[in-house]
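Here is a friendly walk through the side-chain contacts of one protein chain. Please keep the structure open while you read.

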Amino acid sequence: MKRLLLPALVTTVSLALSCSKNEPEPRYGCNGDTEMTITDVRAVYHGKGYFSFDLGAPYGQSSAWACQVDSAWAKSDDPKVPNYTISGNIKKVRFVGPTVTVVYPPIEITAIRKD
């Protein structure tokens with residue numbers, strides 16, 4: 001019986017330590033983890049930091065909110081005609097369950113050029 005006590009104790013301690021390790025939680029929002037990087041994508045600026053753009057297959061039409069808004073950015077005269085070319089990091093969004101509104105991800109813009 002004593003010979004089984006030490007292996008049982010070692011196994012129990014090993015299991016307890018391995019179960020207590022937590023995977024790091026992903027970070028969300030502007031300071032969070034990058035979901036996707038986009039490069040030289042033509043975008044429509046709608047104002048207040050909101051951009052829409054077409055990423056092509058398999059993503060298609062998408063939108064994002066700029067993490068830092070520049071007051072010099074000008075809204076597009078036609079919402080179907082891109083007026084900027086942007087590059088940046090689209091950040092992760094925390095899924096909180098089904099909602100009646102669409103939640104667009106934030107984008108950390110690394111380069112922007114007026115078309």
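Is K91 buried or exposed? K91 counts as buried, at 7% relative accessibility. Please bear in mind that this is a predicted model.

**Salt bridges**

K91 is a good place to start, as this residue forms a salt bridge with E108, where the closest N and O atoms are 3.5 Å apart. The two residues come from distant parts of the chain: K91 belongs to strand β4 (residues 84–91) and E108 to strand β5, with their positions 17 residues apart in sequence. Unlike buried K91, its partner E108 counts as partly exposed, at 32% relative accessibility.

The count of salt bridges comes to 3. Here they are side by side:

| Salt bridge | N to O distance |
|---|---|
| R27 and D33 | 2.9 Å |
| R42 and D115 | 3.1 Å |
| K91 and E108 | 3.5 Å |

Let us turn to the pair of D115 and R42, with their closest N and O atoms 3.1 Å apart. R42 is in strand β1 (residues 34–47) and D115 is in the segment after β5 (106–114), so this salt bridge ties together parts that lie 73 residues apart in sequence. Both ends are partly exposed: D115 has a relative accessible area of 42%, and R42 has one of 46%.

The remaining bridge joins the side chains of R27 and D33, at 2.9 Å from N to O. R27 is exposed, with a relative accessible area of 52%, while D33 is partly exposed at 22%. The label for R27 follows because exposed means over 50% relative accessible area, and the value for R27 is 52%.

**Aromatic pairs**

How many aromatic pairs does a search of the whole structure find? The search finds 7 of them. One of these pairs is Y50 with Y104: the ring centres are 5.5 Å apart and the planes meet at 55°, so the pair is tilted. Y50 is in strand β2 (residues 50–54), whereas Y104 is in the loop between β4 and β5, so the pair ties together parts 54 residues apart in sequence. Y50 is buried, with a relative accessible area of 17%, and Y104 is partly exposed at 31%.

F51 and W73 make another pair, with ring centres 5.3 Å apart and planes at 70°, so this one is edge-to-face. It links distant parts of the chain, with F51 in strand β2 and W73 in the loop between β3 (61–66) and β4, 22 residues apart. Both residues are buried: F51 has a relative accessible area of 0%, and W73 has a relative accessibility of 13%.

F51 and W73 also belong to one aromatic cluster, together with Y45 and Y84. Y84 has a charged neighbour as well, since the charged end of K114 sits over the ring of Y84, 5.0 Å from the ring centre.

**A nonpolar patch**

Which residues form a nonpolar patch on the surface? They are W65, V102 and Y104, and together they have about 300 Å² of accessible area. V102 lies in the loop between β4 and β5 and is exposed, with a relative accessible area of 60%. Y104 is the residue already met as the ring partner of Y50, and its relative accessible area of 31% makes it partly exposed.

Methods: Residues are numbered from 1 along each chain as its sequence is written. This is a predicted model: local features need pLDDT of at least 70, side-chain atom pairs count only at pLDDT 80 or more; totals for chains, interfaces and linings use all residues. Side-chain values use heavy atoms; hydrogens and water are left out. A salt bridge is a side-chain nitrogen of Lys or Arg within 4 Å of a carboxyl oxygen of Asp or Glu. Buried means under 20% relative accessible area, exposed over 50%, partly exposed in between (1.4 Å probe, protein chains only). Helices (H or I, at least four residues) and strands (E, at least two) are DSSP runs, numbered from the N terminus. Patches are made of residues with over 30% relative accessible area and no salt bridge: like charges are joined within 9 Å, nonpolar side chains (Val, Leu, Ile, Met, Phe, Trp, Tyr) within 5 Å. Accessible areas come from the Shrake-Rupley method with a 1.4 Å probe; for residues, only the protein chains shown count as cover. Rings of Phe, Tyr and Trp (its six-membered ring) pair if their centres lie within 6.5 Å; planes under 30 degrees apart count as stacked, over 60 as edge-to-face and the rest as tilted. A charge sits over a ring if NZ of Lys or CZ of Arg is within 6 Å of the ring centre and within 35 degrees of the ring normal.
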